[in-house]
Amino acid sequence: MSINSLTDKKTNKSCLLVFRNRRDNDFVNTTEILNVMSGFGYFFDNVSFSAYNDSEEIVRAIKEGKENYANIVICCPKDMEGAVKKFVGTLYGKPFDELGVLKAGVESVFLLYTDKENKLQFKDVKRVLDAKYGVKYENACIKAVGAPASKINAAIKAAKSVSTELDFNVIEKYGDVRIDVIYTNKTSKMTLDEATRAIVGILNEYIYAIEDISLTQRLFQLLKLRRMSMSVAESFTGGGLSKSLVEVPGISSVFYEGLNTYSNEAKIKRLGVQEITLKQYGAVSPQTAYEMAEGLLNTGKCDISIATTGIAGPNSDNTKKPVGLSYIAIGSRDTVSVYKYNLKGDRENITRTAINLALFLAFKTLK
């Protein structure tokens with residue numbers, strides 16, 4: 001916890017106890033809890049995993065939690081509810097309330113389920129902790145794409161120099177970065193604004209929003225504002241770009257079409273890519289990406305186009321081009337620009353990162 005005024009060795013410490021199938025390596029729930037709570041200004045000093053069928057290990061984890069931490073979040077399957085509530089309630093001498101919160105003096109325990117909908121929401125946990133410590137945490141959100149780690153670190157360092165009362169939380173997924181500037185109701189607006197400016201000043205070329213909004217929503221806003229329509233032609237992203245767009249309500253007003261032109265034949269027949277281009281340069285080339293984006297503009301009713309072509313892996317194609325080589329073309333009525341990337345990671349990481357980069361490049365073109 002970011003509470004410096006409390007001196008007791010456990011008063012400002014928190015832990016997350018996860019009870020799960022030993023063979024289950026899905027950490028989605030855990031990651032979500034860590035990300036959301038840190039965004040609220042509350043950080044875990046320890047995260048512990050125990051097998052849900054090992055009662056001795058679970059008992060030990062809970063007892064150690066009570067001994068060393070003032071706040072415990074327990075994450076477990078719904079069918080463990082009765083046993084966990086009984087044991088924890090006896091240990092603390094207090095029952096859980098209907099939401100799944102136990103309060104015993106300065107100690108708090110929160111119960112979340114991994115496989116069922118929770119009555120207890122993250123905002124409820126925040127509310128309890130805010131009241132407990134007499135501090136209300138808020139966050140200012142900055143969203144960016146493709147920012148190098150070195151620049152993110154430099155931006156955070158610059159913002160930290162503004163004030164020691166601020167905390168920062170950075171979450172990156174497939175190149176899409178969320179930076180939370182965490183402050184309290186005691187933080188002045190001048191301090192917050194100065195810290196935000198420090199981050200924006202370093203990351204400006206990568207930023208698409210200074211609010212909590214998705215990249216696709218931001219692009220949708222700009223398309224509506226410009227009264228423009230967009231089409232996409234995908235090869236190695238396999239329809240993922242179109243899928244991310246149609247998840248935005250109302251996108252039909254600005255999204256004309258999405259083509260998954262995976263084969264060379266499809267690129268030729270549907271987009272007008274020249275056969276000579278494919279033979280001479282290959283499907284994964286700036287020339288092909290250019291003609292794909294140009295083909296959308298020539299044959300469709302769109303003002304801006306996106307085309308993707310690349311090698312997602314796990315193996316390269318017969319041209320010996322490296323896995324991760326990607327070309328993204330953004331076309332407008334004035335010009336077509338092609339961007340080259342050498343992406344890293346597995347097939348999913350490469351394709352999903354390319355999708356975010358493509359959306360961001362379209363945003364920058366419109367901006």
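Here are legends for four close-up views of this predicted model. Residues are numbered from 1 along each chain as its sequence is written, and side-chain values use heavy atoms, with hydrogens and water left out. Since we're looking at a prediction, local features need pLDDT of at least 70 and side-chain atom pairs count only at pLDDT 80 or more, while totals for chains, interfaces and linings use all residues.

**View 1. Helix H3 and its two faces, residues 81-92.** Helices here are DSSP runs of H or I with at least four residues, strands are E runs with at least two, and both are numbered from the N terminus. On the buried list (under 20% relative accessible area, with a 1.4 Å probe and protein chains only) you'll find Glu-81, Val-84, Val-88, Gly-89 and Tyr-92. They cover an arc of only 120° around the axis, going by the directions from the axis to the C-beta atoms, which puts them on the same side of H3. Flip to the face turned away from that side and you meet Ala-83, Lys-86 and Thr-90, which are exposed, meaning over 50%. The cover over the buried residues includes helix H2, along with strands S3, S4 and S5. Right after H3 comes Gly-93, with a positive phi near 70°.

**View 2. Thr-191 in helix H6.** Thr-191 is buried, at 16% relative accessible area. Its side chain makes a polar contact with the side chain of Ser-188 at 2.8 Å; that term means a pair of N or O atoms within 3.5 Å, where within protein one must be able to donate a hydrogen and the other to accept it, and residues adjacent in sequence count only if both atoms are side-chain atoms. Setting aside neighbours within four places in sequence, Thr-191 is in contact (heavy atoms within 4.5 Å) with Val-162, Ser-163 and Leu-166.

**View 3. Aromatic pairs, three in the structure.** Rings of Phe, Tyr and Trp (its six-membered ring) pair if their centres lie within 6.5 Å; planes under 30 degrees apart are stacked, over 60 edge-to-face, and the rest tilted. Tyr-42 and Tyr-137 have ring centres 5.0 Å apart and planes at 75°, so they're edge-to-face. Phe-360 and Phe-363 are stacked, at 6.0 Å and 25°. Both of these Phe residues are buried, and together with Tyr-208 they form one aromatic cluster.

**View 4. Lysines over rings.** A charge sits over a ring if NZ of Lys or CZ of Arg is within 6 Å of the ring centre and within 35 degrees of the ring normal. Lys-66 lies over the face of Tyr-92, 5.0 Å from the ring centre. Lys-126 does this with Phe-40, at 5.9 Å.

Note on methods: The expected span of a helix is 1.5 Å times one less than its number of residues.
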